[in-house]
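Okay, thanks for coming, everyone. I'll put the sequence and the structure up, and then we'll walk through the contact and a few helices.

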Amino acid sequence: MKRRTFLTAMGGVAAAGAGVGLATPALATTVGVTKTTLKIGNTMPYSGNASSYGPIGRGDSAYWKMVNDQGGVGGRMIEFISYDDAYSPPKTVEMVRKLVEQDQVAFVFHTLGTPSNTAIRKYLNQKKVPQLFIATGADKWGDYKDFKWTMGWQPSYQVEARIYAKYILKNFPNGKIAMIYQNDDFGKDYLTGIKDGLGKAFDKMVIKVVTYETTDATVDSQVVSMKDSGADVLVTAAIPKYAAQVIRKTYDIGWKPHHFMTNVSASVGATITPAGPEKAIGVISSQYLKDPTDPEWKDDAGMNEWRAFMKKYVPNGDLTDGGYVASYGACTTMHQVLKQCGTDFSRENIIKQAANIKKEVVPVLLPGILVDTSPTDYHPIQQMQLAKWSGTTWARFGEILAS
Amino acid sequence: MHPATSRILLIILVAALGVVPIFAASGYTLFQLTLVVSYALSVLGMNMVTGYNGQISLGHGAFYAIGAYTTAIMMDHWDLPYWSTIPVAAVLCAITGFLIGLPALRFSGLYLALTTLALAAAVPQLLKYNAFTDWTGGVQGISVFKPEAPFGLPLNADQWLYLFSFAVALVLFILARNLAVGRIGRAMKAIRDQPLAAEAMGINLAKIKTRTFAVSAVFTGVGGSLAALAVGFVAPDSFNVLLSITLFVGMVVGGAASISGAVFGALFIQFVPNVADQISKAAPGAVYGVILIVFMFVAPAGIAGLVRRFLPTAKAPARSG
């Protein structure tokens, strides 16, 4: 297979450039590409604990079907293979090895989950297979020095935390900050971001830092101790269950800080409703995608494009599920990279183009947020907009902020 | 067929299982087969305690995790060679298994099942627990280097690991068979079928039961150790409750109280979910469930039972097991 595609590539170049460009493709590894097809693979939790993310994978499949209906990319039809990994890292390793060794995909795209992507990162980098625009918010996917073949897509937790920190620095320069974070990678990414964003002011401004474990029953005592510290700004890096507790307890004990909360917990259903919508009034979070339930995007061109896609290719899909929006965004970026590749779909060129996206407009991202990468910047999205909970909805305010 | 002939056939078959894949299978398939070997050991462990001894355990994923983490931590923290981690994992699992076997004496049947299920549910949380994160790496888990073939053998990492796992498993399978056909095996089964009569015959129930638990934990733990080497990564999400249930499914589908059943069960839990995923992306779980029900109808005594019915020559080694 490898040999055949290699020969095909050689033949193509010889025909096109009369042998001039022979040297370049001869050095490159071109796998998963024929004259008419390009193979892409991923894994998704279609079953198991995280199966609520399944729509993201279904959205991905549907997107490439649409691309094929429109004639493909670079003269090639996309063959998209997606396997269930049940959010279990050993299964992810197995399925990704199948994709790479048996199905011989050109690259891996949008695999979901921090543990699952960690499990395959070393393998894919050893094999020099691009692992692109993966669906996780950890900051480590931007490590272009050690893992050149791996890149995330969404704003990382650190990016988000830096945005809050800068906003706090500008608007509450004399604020006293208390912070609660989940004691794991996710929470620590946040702490790092806040430290980076505040810089020298960190030691002066942050007067109380507390943590919780996902095994804790409540975080009530942490909230009380933060109030007692005299802080007037609160940063919460917690998953929905605990974020809801923080909001409720803060309200119940009569503490009214400027409350910044990770967008991991911005879900109305998972956080705000359990906490009590009236108790959450004034909480600030951030967004980068257009919310499909927000009436503001009723006539938006980008969202109309998305809705038309959904209607035709995912007719049974839930139009309020943000997973489909995120999927459409990542696919659009991938599509752009493939267009940039021209007709050279070697792995080297694919990663090169992925690290060379110039201010791309993605229809489902908030206006003003652009996708941008370089060989030394593996964080495609680094802008967000703040939003305040009004009691019924998240109202975005201010301008687009960069980290 | 003469017993001696069938024994020779069995040896040839086992040797072929160990050697042929190394030359015939691709790296990816070998990786899958290595996982089958590790599952087979784990299911065998489960079979010891549940199949032979009648103590229902839904918590064997915990021993699997202990084995896997022992290997990962020893290799990651102390740079110890991979092979040295296996005996340590075995000893640790034996101790844990024995300790868990103690309260198991007071529970029976469904109550024991629930108690062990609680153990399985606790494992991922314990692995994430802050006090242990220096060791366990928390949610981030631990990456493990894949061992290369020693002595300049002309094998790649996948081939070597399969051979290594196969050899470890073979030794343990022979031990398990000898245990099952011997005096202790008969005592285990007697306790399962007629505990009162067994006790009247002079069998020390408490002793046999707790030790069975310990032995069973060793098998499952070594399985976990081998799996950690094959996958090259351990994390709490790899060892959720579903893993314990999966091992249980492997035992029942393969055939309870059967040595060869562990292999069939392992093949089932390794490959059937992939088949289910290929049939339907929308509901792979439902497809898996249907396949499971069909299997239970066609082979109520497990796959090993089915093989026994259609292949009478396999009866001799299978029945003794």
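So, how many residues does the contact take from chain A, and how many from chain B? It takes 28 residues from chain A and 28 residues from chain B. Keep in mind as we go that this is a predicted model.

Let's look at chain A's side of it. Three elements each supply at least two residues there: β2, which is 77-84, α4, which is 89-102, and α5, which is 114-127. The one that gives the most is α4(A), with eight residues. As for chemistry, the side of chain A that touches chain B divides into eight nonpolar residues, 10 polar and 10 charged.

Now, those two helices also meet each other. The axes of α4(A) and α5(A) come within 8 Å and cross at roughly 35°, and the crossing is right-handed. Who's involved? From α4(A) you've got Pro89(A), Thr92(A), Val93(A), Val96(A) and Val100(A). Across from them, α5(A) brings Pro115(A), Ser116(A), Ala119(A), Ile120(A), Tyr123(A) and Lys127(A). That helix-to-helix contact divides into eight nonpolar residues, two polar and one charged.

Last stop, further along the chain: helix α13 of chain A, residues 322-340. This helix has 19 residues and reaches 28 Å from its first C-alpha to its last, close to the 27 Å expected at 1.5 Å a residue. And what happens to phi at Gly342(A), just after α13(A)? Gly342(A) takes a positive phi there, about 70°.

That's my tour, folks.

Terms used
Residues numbered from 1 in each chain as written. Chains lettered and ligands numbered in written order. Predicted model: local features only at pLDDT ≥ 70, side-chain atom pairs only at ≥ 80, totals over all residues. Contact = placed C-beta atoms within 7 Å. Helix = DSSP H or I, 4+ residues; strand = E, 2+ residues; numbered from the N terminus. Nonpolar A, V, L, I, M, F, W, Y, C, P; charged D, E, K, R; others polar. Axes fitted to C-alpha atoms, helices over the stretch in contact; angles between N-to-C directions. Left-handed = near helix turned anticlockwise from the far one by under 90°. Expected span 1.5 Å × (residues − 1).
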